[in-house]
Amino acid sequence: MTDPKKDTSEDLEIDLTQEPEEVSLDVEDEQDEDPIAALEAERDEFRDRFMRAMADAENVRKRAERDRREAENYGGSKLARDMLPVFDNLKRAIEAITDEQREAQAALIEGIELTMRELTSVFNKHGIEVIAPEVGDAFDPQFHEAMFEAPVPNTKAGDIIQVMNVGFMIHDRLLRPAQVGVSSTPA
């Protein structure tokens, strides 16, 4: 047995005249790095695809929600537009009733007025509002359609001088502009 405290430097012989031995990496280590890099690249590609798919799914969800809200709010626009002449005709019928007719046909006229109130109630229930400009209001091309222009004394250009038909909005969209006559009197 050797003494561990004994100096062993005498036992080692180093020949400095010889070329140092080349240190070679194990072949397995080199092959492990290429597959690891390939797996990392594949992982990054899958992560990128996953993130894009998640973003696409979120965009589709938001678009579907927006389309659902629009369909809920504006889906009945075509039917509402088709019902506007019914409103106009009922309004004209009520405005044309004379006092004698009101006394003679009270039940019939009451039925027409009830029908008009019900139609107005259904419009309100579905977010349809009447745009009813008054004579003297300023013409607004976003809500009014000028049917004619005429010079009228004591008015200024752009004032509404006659209302032919009221307009309608469904939520924040215009269904039909109010049809009006506009003053062309120079200022």
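**A walk through the model, from helix α4 outwards**

The chain has four helices and six strands (both are DSSP runs numbered from the N terminus, with H or I over at least four residues for a helix and E over at least two for a strand). Follow the sequence and the order reads α-α-α-α-β-β-β-β-β-β. Keep in mind that this is a predicted model, where local features need pLDDT of at least 70, side-chain atom pairs count only at pLDDT 80 or more, and totals for chains, interfaces and linings use all residues. Residues are numbered from 1 along each chain as its sequence is written, and side-chain values use heavy atoms, with hydrogens and water left out.

Two numbers for the chain as a whole. Of its 187 residues, 19% count as buried (buried is under 20% relative accessible area, exposed is over 50%, and partly exposed is in between, using a 1.4 Å probe and protein chains only). Among contacts between residues at least 6 apart in sequence, 65% join residues at least 24 apart (a contact being heavy atoms within 4.5 Å).

Let's start with helix α4, residues 106-125. With 20 residues at 1.5 Å each, α4 should span 28 Å, and its end C-alpha atoms are indeed 28 Å apart, so the two agree (the expected span is 1.5 Å times one less than the number of residues). Which residues of α4 are buried? They are I109, M116, L119 and F123. These residues cover an arc of only 85 degrees around the axis, which means that they sit on the same side of α4 (the arc is that of the directions from the helix axis to the C-beta atoms). On the other side of α4, A107, N124 and K125 are exposed. The cover over the buried residues of α4 includes α2 (77-95), α3 (99-104), β1 (128-131) and β4 (167-170). Just after α4 comes G127, with a positive phi of about 80 degrees.

F123 takes us on to the rings. The structure holds three aromatic pairs (rings of Phe, Tyr and Trp, the last by its six-membered ring, pair if their centres lie within 6.5 Å; planes under 30 degrees apart are stacked, over 60 edge-to-face, and the rest tilted). One of these is F123 with F168, an edge-to-face pair at 5.8 Å centre to centre and 80 degrees between the planes. This pair links distant parts of the chain, with F123 in helix α4 and F168 in strand β4, 45 residues apart. Both F123 and F168 are buried. Add F87, and you have one aromatic cluster of F87, F123 and F168.

F168 is also a contact of R176, a residue of strand β5 (residues 173-176). Is this arginine, R176, buried or exposed? R176 counts as buried because its relative accessibility is 15%. Its side chain reaches the backbone oxygen of V166 at 2.6 Å. Not counting residues up to four places away in sequence, R176 touches L84, D88, N165, V166, G167 and F168. Another arginine, R173, lies over the face of Y74, at 3.8 Å from the ring centre (a charge sits over a ring if NZ of Lys or CZ of Arg is within 6 Å of the ring centre and within 35 degrees of the ring normal).

Helix α2 holds S77. S77 counts as buried because its relative accessibility is 11%. Leaving aside neighbours within four places in sequence, S77 is in contact with I170 and L175.

Now for some backbone angles. Most residues other than glycine have a negative phi. N154, though, has a positive phi near 65 degrees, and it lies in the loop between β2 (144-150) and β3 (160-165). At 85% relative accessibility, N154 counts as exposed. H171 has a positive phi too, near 55 degrees, and its place is in the loop between β4 and β5. At 35% relative accessibility, H171 counts as partly exposed.

Our last stop is V163, in strand β3. V163 counts as partly exposed, at 28% relative accessibility. V163 and A178 are 15 residues apart in sequence, and their C-alpha atoms are 7.5 Å apart in space. Setting aside neighbours within four places in sequence, V163 is in contact with P133, Q179 and V180.

Conventions:
Polar contact = N/O pair within 3.5 Å; in protein donor to acceptor, adjacent residues only side chain to side chain.
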